[in-house]
Amino acid sequence: MTGLRLRQLVIAARDAGTIDLLREQLGLGEPFIDPGVAEFGLTNAVFAIGDQFLEVVVPVSTAAPATRFIDRYGEGGYMAIFQAPDVAAARERADSLGIRRVWNIDLEDISASHMHPADIGGAIVSIDTPTPPEAWRWGGPDWVDRGVSGGIVGATLQSADPGGLTAKWAALLGTEVGPDGDTIVTNDSNIRFEAAERDALTAFHLNLPMATQHPGGSCLKIGYLDILW
């Protein structure tokens, strides 16, 4: 394997009610509220699931990109954050592919770059390299104590050109397309691409052993996003 991991998935929501809903329905622990996302006109909540993370962002500014996203598409899958062993190499790949980097940061314990969703397609993609590899600044200083057991086992994207979108994500992430032509396999998850009218991140697949069934089964719908466990 390449060392590539799907470390965090992000939902854009209209208000904090979605945070409470997720915590109740999925049996999640206390979230981390990251003051740093105010830079993007957001408030947030980050839930630890094993050593992976489910984040909800809520815009608090009409100028926030997430506000425009929700106004255009509704609530749904907003961002996928991958852990890679070499963020510098990922930045070189993005530049060579003509994918704009809209945010870059280099800190003592993590380096990261966000890719423009119009260039990569489907969602904002972030490629992050934490130091040490098991660390994760975005989860908060005590995420190990606040988390629940389980993890993220996959995600689904839709596109009018699923094969093309699969190839573009694989090229950016520095990995291979699966033999079926519409799957990317990371060290701990499968990213699947399906045919539809527009590019969108439409499903999160979670392993949540402690989550309870509800009348809708093991699926919770947030806007156009399905959260399955």
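Buried means under 20% relative accessible area, exposed means over 50%, and partly exposed lies in between (1.4 Å probe, protein chains only). The close-ups below come from a predicted model, in which local features need pLDDT of at least 70, side-chain atom pairs count only at pLDDT 80 or more, and totals for chains, interfaces and linings use all residues. Residues are numbered from 1 along each chain as its sequence is written, and side-chain values use heavy atoms, with hydrogens and water left out.

**View 1. Asp109 pairs with Arg137.** Asp109 is partly exposed, at 24% relative accessibility. Its partner Arg137 is partly exposed too, with a relative accessible area of 40%. They form a salt bridge (a side-chain nitrogen of Lys or Arg within 4 Å of a carboxyl oxygen of Asp or Glu), and their closest N and O atoms are 2.9 Å apart. This pair links distant parts of the chain, 28 residues apart: Asp109 sits in the loop between β5 (101-106) and β6 (110-115), and Arg137 in the loop between β7 (124-130) and α5 (143-146). Helices (H or I, at least four residues) and strands (E, at least two) are DSSP runs, numbered from the N terminus.

**View 2. Asp142 meets Arg146.** The closest N and O atoms of this salt bridge are 2.8 Å apart. Arg146 is buried, at 12% relative accessible area, whereas Asp142 is partly exposed, at 34%.

**View 3. Lys221 and Asp226 join side chains in a salt bridge.** The N to O distance is 2.9 Å. Asp226 is partly exposed, with a relative accessible area of 24%.

**View 4. Arg5, Asp51 and Asp188 make one network.** Salt bridges with shared partners connect these residues. The model has 11 salt bridges by this rule.
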